[in-house]
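Okay, thanks everyone. I'll walk you through one structure today, so let's put it up on the screen.

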Amino acid sequence: MRKILTIAAATAFVAAMMAPIFAADMTVKGEVVDLSCAMSQGDNGKGDAHAGCAMTCAKGGSPLGILTDDAVFQVTGDYAANQNAKMLEFVAKKVEVTGEVSEKDGNKMIAVKSIKLAN
């Protein structure tokens with residue numbers, strides 16, 4: 001019985017420690033980018049000069065992300081559905097996004113709950 005309680009306590013402790021890594025609501029500020037171009041082209045894959053290409057990719061259903069000063073968050077969930085329909089008006093613009101952030105295989109993701117243009 002003691003062994004079962006020890007295992008249960010250890011499992012509960014590990015689960016409690018791991019929960020923040022897997023999903024937590026937060027707000028991030030950054031630019032909406034086409035992930036492929038932003039990751040492969042560096043500075044040439046973002047900003048006003050790349051807005052047309054990013055829009056073409058977004059309309060085609062390419063994964064979009066929020067590029068912050070220190071990370072890239074792939075947009076997931078409802079805002080990524082229907083070929084990014086809810087994200088199109090924000091492509092290549094600075095935004096403030098609130099959503100559930102998670103990480104898998106070193107990649108950060110955000111299931112957007114709200115988005116607005118950043119000041």
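Start with tyrosine 79, which you'll find in the loop between β3 and α4. Keep in mind as we go that this is a predicted model. So, is tyrosine 79 buried or exposed? Its relative accessibility is 16%, and the cut-off for buried is under 20%, so tyrosine 79 counts as buried.

What does tyrosine 79 touch, if we leave out residues up to four places away in sequence? The list is Asn84, Lys86, Met87, Val112, Lys113, Ser114 and Ile115. Take the last of those: tyrosine 79 and isoleucine 115 are 36 residues apart along the chain, and their C-alpha atoms are separated by 9.5 Å.

Now, the strands. We have a closed barrel of 5 strands here, in the order β1-β2-β3-β5-β4, and the pairing is mixed. From one strand to the next, the twist averages 55 degrees.

Let's go round some of the pairs. β1 and β2 run antiparallel, with 4 bridges joining them. If you want a landmark there, look at aspartate 34, whose bridge partner in β2 is leucine 64.

Next, strand β3, residues 72-76, and strand β5, residues 107-117: these two run parallel, again with 4 bridges. You can spot threonine 76 standing opposite alanine 111 in β5.

Then there's β5 with strand β4, which covers residues 94-104; they pair in the antiparallel sense over 10 bridges. Glycine 99 sits opposite valine 112 of β5, and valine 112 is also one of the residues that tyrosine 79 touches. β4 and β5 make a hairpin with 2 residues between the strands, and in it aspartate 105 takes a positive phi near 50 degrees.

Last stop, helix α3, residues 51-59. Which of its residues are buried? Those are Ala54, Cys57 and Ala58. They cover an arc of only 100 degrees around the axis, so they end up on the same side of α3. Flip to the other side of α3 and you see Thr56 and Lys59, both exposed.

And what do the buried residues of α3 pack against? They pack against β1, β2 and α4. Here α4 is residues 81-84, and the loop with tyrosine 79 lies between β3 and that helix.

One more detail: just after α3 you'll see glycine 61, with a positive phi of about 95 degrees.

Okay, that's my tour. Happy to rotate the view for anyone who wants another look.

Methods
Residues numbered from 1 in each chain as written. Predicted model: local features only at pLDDT ≥ 70, side-chain atom pairs only at ≥ 80, totals over all residues. Heavy atoms only, no water. Buried < 20%, exposed > 50% of the residue type's maximum accessible area, 1.4 Å probe, protein only. Arc of directions from axis to C-beta. Contact = heavy atoms within 4.5 Å. Pairing = 2+ DSSP bridges. Axes fitted to C-alpha atoms, helices over the stretch in contact; angles between N-to-C directions.
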